Amino acid sequence: MSGCGRYRWVVLAVGTLAQAATATYFLGLAAVTPALRDHFGLGLAGVGALVGVTSVGLVVTLIAWGSAADRFGERGVMAVGLVGAAGALGAAAFVADPVVAGGLLALAGASGASVNAASGRAVLTWFPAANRGMAMAVRQTSVPVGAALAAVALPSIAGAGGVPAVFATLACTCLVTALAVTIWVREPPGRPRTPGGPATSARTVLADRRLLRLSLAGLLLVVPQFLGSVFLVEVLHDGSGLPLGVAAGLLALTQVLGALGRLANGVWSDRVANRLGPLRVVAVAVAAGFAVSAVLQPGPGPLLAAVLVPAAALAISWNGLVFTAAGELAPPGRAATAMAVSNTANYVAAAATPTLGGLLAQVAGWPAMLGLGAVAALGAVGALHRLVEPGRRTSASNPGRRT
């Protein structure tokens with residue numbers, strides 16, 4: 001038993017590494033957009049589409065990968081997906097046509113989607129409820145960490161070897177991670193496979209109204225999350241007159257506080273044996289923070305920043321709570337599918353929010369955009385109203401079982 005207790009930390013480390021590896025190209029490519037523009041002869045809109053197409057592949061395949069993880073286990077699903085992503089990224093190093101490169105990046109996104117649900121299921125499987133929230137929070141911080149590491153490393157790689165070297169590095173990262181998954185990730189002994197294919201798993205999950213309400217709450221909370229992350233500098237600099245360097249520094253502070261908040265929320269949910277209670281508190285606080293920010297805008301700038309930065313950080317901090325709750329609310333044997341459904345809703349909102357927020361700010365001003373964040377967070381509170389989660393489990397051997 002003590003061996004299993006130690007081994008779960010190995011699973012967490014490898015799952016976190018796998019999620020960080022996919023973040024290096026899902027989010028990290030944004031750090032080398034000037035090099036991508038020069039290499040492929042693109043304008044701003046074109047390079048934006050090239051970088052964003054990875055998310056299109058992810059949204060299309062995420063639920064199917066979750067169902068596969070429920071049926072076949074995490075190790076094979078993550079390893080196959082990472083190898084597929086490595087192949088697509090490696091091939092992109094040899095093409096000069098932006099359309100072909102876009103297709104390969106979409107394929108890399110579709111393959112890397114395997115890690116999102118499967119690594120979460122691995123954590124859910126190996127960690128008991130008493131510290132599962134903390135473990136899932138650690139896994140969730142891998143996304144900003146992976147993106148940050150890519151933002152530091154990829155520009156230098158692009159300067160030394162060009163865009164082909166960037167893609168080759170990302171491919172090698174995925175290959176090394178796939179090897180780590182193959183070597184160190186395994187399932188608890190005696191856990192049965194879930195029968196049925198992806199369609200069966202998806203229908204089972206989508207028939208559960210509690211999971212749909214939770215997914216809706218996550219979708220709505222993504223709105224203030226992305227409004228705060230994407231437009232914070234614009235609101236504080238152009239909208240309220242803070243120096244650009246100060247506004248950018250506050251954005252960095254927001255991301256750090258948001259990552260720390262994910263860890264704190266995970267520990268909090270473990271201590272109170274509840275995921276949805278802390279999630280409701282965070283949603284109310286986000287709604288209040290964005291509402292007050294809407295009233296304060298355009299300033300004074302320092303006062304607005306004192307309210308908006310904590311609100312935006314809280315808006316980053318909730319993801320682990322929803323992800324863990326989705327796995328724990330899932331029908332028996334459908335944890336990965338449930339987490340994939342929740343993640344799909346999040347990515348759909350993430351794709352739509354920047355465009356909607358920018359349009360609203362352009363037409364009605366920054367207070368209206370900040371008000372949208374408050375309204376969306378209040379909508380999440382409504383979606384969570386009287387939503388009941390299963391009681392505390394002491395065993396991690398059967399994720400998705402209700403007690």
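The expected span of a helix is 1.5 Å times one less than its number of residues. Keep that handy for this predicted model.

**Exercise 1.** Work out what length helix H14 (residues 366-384) should span, and check it against its end C-alpha atoms.

*Solution.* Start with the count: H14 has 19 residues. At 1.5 Å a residue, that should give a span of 27 Å. Now look at the ends: the C-alpha atoms there are 28 Å apart, which agrees.

**Exercise 2.** Find the buried residues of H14, then say which helices help cover them.

*Solution.* Buried means under 20% relative accessible area. Going along H14, that picks out Trp366, Met369, Leu370, Gly373, Ala374, Ala376, Ala377, Ala380, Ala383 and Leu384. For the spacing, recall that an α-helix has 3.6 residues a turn, so residues three or four places apart point the same way. Next, the cover: it includes helix H8 (209-239), helix H10 (276-296), helix H11 (301-316) and helix H13 (335-364). One last stop just past H14: Arg386 takes a positive phi of about 60 degrees.

**Exercise 3.** Decide how the compactness of the chain compares with that of a globular protein of its length.

*Solution.* First, the make-up: 14 helices and 0 strands. The radius of gyration is 21 Å, close to the 22 Å that the globule rule gives for 403 residues, so the chain is as compact as a globular protein of that length. Then check the inside: 54% of the residues are buried. Finally, take the contacts with a separation of 6 or more: 83% of them come from residues 24 or more positions apart.

Key: Residues numbered from 1 in each chain as written. Predicted model: local features only at pLDDT ≥ 70, side-chain atom pairs only at ≥ 80, totals over all residues. Heavy atoms only, no water. Helix = DSSP H or I, 4+ residues; strand = E, 2+ residues; numbered from the N terminus. Buried < 20%, exposed > 50% of the residue type's maximum accessible area, 1.4 Å probe, protein only. Contact = heavy atoms within 4.5 Å. Rg over C-alpha atoms; globule rule 2.2 N^0.38 Å.
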